[in-house]
Amino acid sequence: MRDYYSIKMRATLEGKHVSGVERIVTKEKIPEVVSQLPLRPNQFDFMNIKIEKLNQINFIEKSLNVKTIKVESVEMANNVALEILQTVGIQRELAEIYIKMLHTGAATDKGNMRGAMIVSLKGERLEKDKDRGVRTVNVDFENREEVTKLLKEKGYTERTVDALALSTKNLYYPDILAEYCISDQPDYTTGYVATKTTYYRILNLKDYGNPKGGRIYFVKEDTDIDRLYQYLETKAFLIKTLGDLE
Ligand code: COA
Ligand code: AMP
């Protein structure tokens, strides 16, 4: 078994998080990846690059399938999102409450959370810290260049590569039933909903100019929260191939 290293970059500007990226690579690729990371944020005044050898690596054969949904208004886009969530057993009224929270600032000070919200089918919020939430780390595509090329040929972006990897790790966990995501960048209005099979990339999921964003992980009622955190924060995965593209 080869040794793998996780390289994590995070950058801030005036104390605000502006960029975060992760790659999992073999040792010889570290210098190349590390040299690319400072180019990622448009602006920053602090950057942290962390390299860790992974004790154990797991493999996921295929990413979620990818589908794009284009509707014209934010209302219609969220309606589609709610319908998808309903197909996996998440009550519409319940999902609406938390989705609205993301659009208006889900942290206690009405800012953005630093990670994802966890919501059970009963409608309980299960994060240990409601401002921090939980962050999914330690995941990448085994052959990132090829996956990026395939996605870009179909009009997708580097952002989709990162989000698809993260979401594939999330949905691989039996207790996570679905994910909803909108970016916290004011000019990026495309979001997604993911289920066990598919990553639905949804255009116009939030209002242009809105600086609020976040993620919701919808989980089963009896989810063991410590085990879920352990999986999301520590278990490392490489995804071997890309699912179907549409
Ligand atoms: N958003 C906001 N703040 C973040 C953050 C994020 N994504 N990631 C880290 N921080 C800040 C927090 O203040 C955090 O402190 P906290 O644990 O009290 O919240 C602090 O940085 C240290 O966090 P840590 O977890 O030690 O960071 P790290 O060096 O291990 O890096 C990242 C983690 C940045 C790689 C990871 O969070 C990330 O963003 N991964 C990429 C996600 C991705 O691909 N998203 C899809 C793009 S569409
Ligand atoms: P982004 O996809 O980077 O635009 O992030 C959108 C939102 O998702 C952020 O505002 C955070 O609330 C949340 N988030 C960011 N990184 C992670 C992560 N690694 N895991 C879970 N949630 C995250």
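**Two ligand shells and a helix**

Author: In this predicted model, the shell around ligand 1 comprises nine charged, four nonpolar and two polar residues.

Reader: Which residues are the closest to ligand 1?

Author: The closest are Arg10, Lys50, Arg114, Arg132 and Arg135, among 15 residues that surround ligand 1.

Reader: What lies 2.7 Å from an oxygen atom of ligand 1?

Author: That is an N or O atom in the side chain of lysine 50. In addition, a polar side-chain atom of arginine 135 is 2.9 Å from an oxygen atom of ligand 1, and for the side chain of arginine 10 the distance from an N or O atom to a ligand oxygen is 3.1 Å. Ligand 1 taken alone exposes 890 Å², of which the protein buries 71%.

Reader: Which element gives the largest share of the shell around ligand 1?

Author: Helix 5 does, with four residues. Helix 5 spans residues 158-172; strand 1 (5-13) and strand 2 (16-25) also supply at least two residues each.

Reader: Turning to ligand 2, how many residues surround it?

Author: Ligand 2 is surrounded by 13 residues, and the closest are Met113, Thr136, Asp184, Arg215 and Tyr217. The shell consists of six nonpolar, four polar and three charged residues.

Reader: Which strand gives the most to that shell around ligand 2?

Author: Strand 11, residues 214-219, gives the most, with three residues.

Reader: And what are the polar partners of ligand 2?

Author: An N or O atom in the side chain of aspartate 184 is 2.6 Å from an oxygen atom of ligand 2. A polar side-chain atom of arginine 215 lies 3.0 Å from a ligand 2 oxygen. Glycine 115 takes part through its backbone, with a polar atom 3.2 Å from an oxygen of ligand 2. Of the 490 Å² that ligand 2 exposes when taken alone, the protein buries 79%.

Reader: A change of topic: which residues are buried in helix 3?

Author: Leu94, Ala95, Tyr98, Ile99, Leu102 and His103 are buried there.

Reader: Why are they on the same side of helix 3?

Author: They lie on the same side because they cover an arc of only 170 degrees around the helix axis. In general, an α-helix has 3.6 residues a turn, so residues three or four places apart point the same way.

Reader: Which exposed residues are on the face turned away from the buried side of helix 3?

Author: Glu93 and Lys100 are the exposed residues carried by that face.

Reader: What span does helix 3 reach?

Author: Helix 3 covers residues 92-104, 13 residues in number, and reaches 18 Å from its first C-alpha to its last. That is close to the 18 Å expected at 1.5 Å a residue.

Technical notes: Residues numbered from 1 in each chain as written. Chains lettered and ligands numbered in written order. Predicted model: local features only at pLDDT ≥ 70, side-chain atom pairs only at ≥ 80, totals over all residues. Heavy atoms only, no water. Near = heavy atom within 4 Å. Polar contact = N/O pair within 3.5 Å; in protein donor to acceptor, adjacent residues only side chain to side chain. Areas by Shrake-Rupley, 256 points an atom, 1.4 Å probe, with all protein chains shown as cover. Nonpolar A, V, L, I, M, F, W, Y, C, P; charged D, E, K, R; others polar. Expected span 1.5 Å × (residues − 1). Buried < 20%, exposed > 50% of the residue type's maximum accessible area, 1.4 Å probe, protein only. Arc of directions from axis to C-beta.
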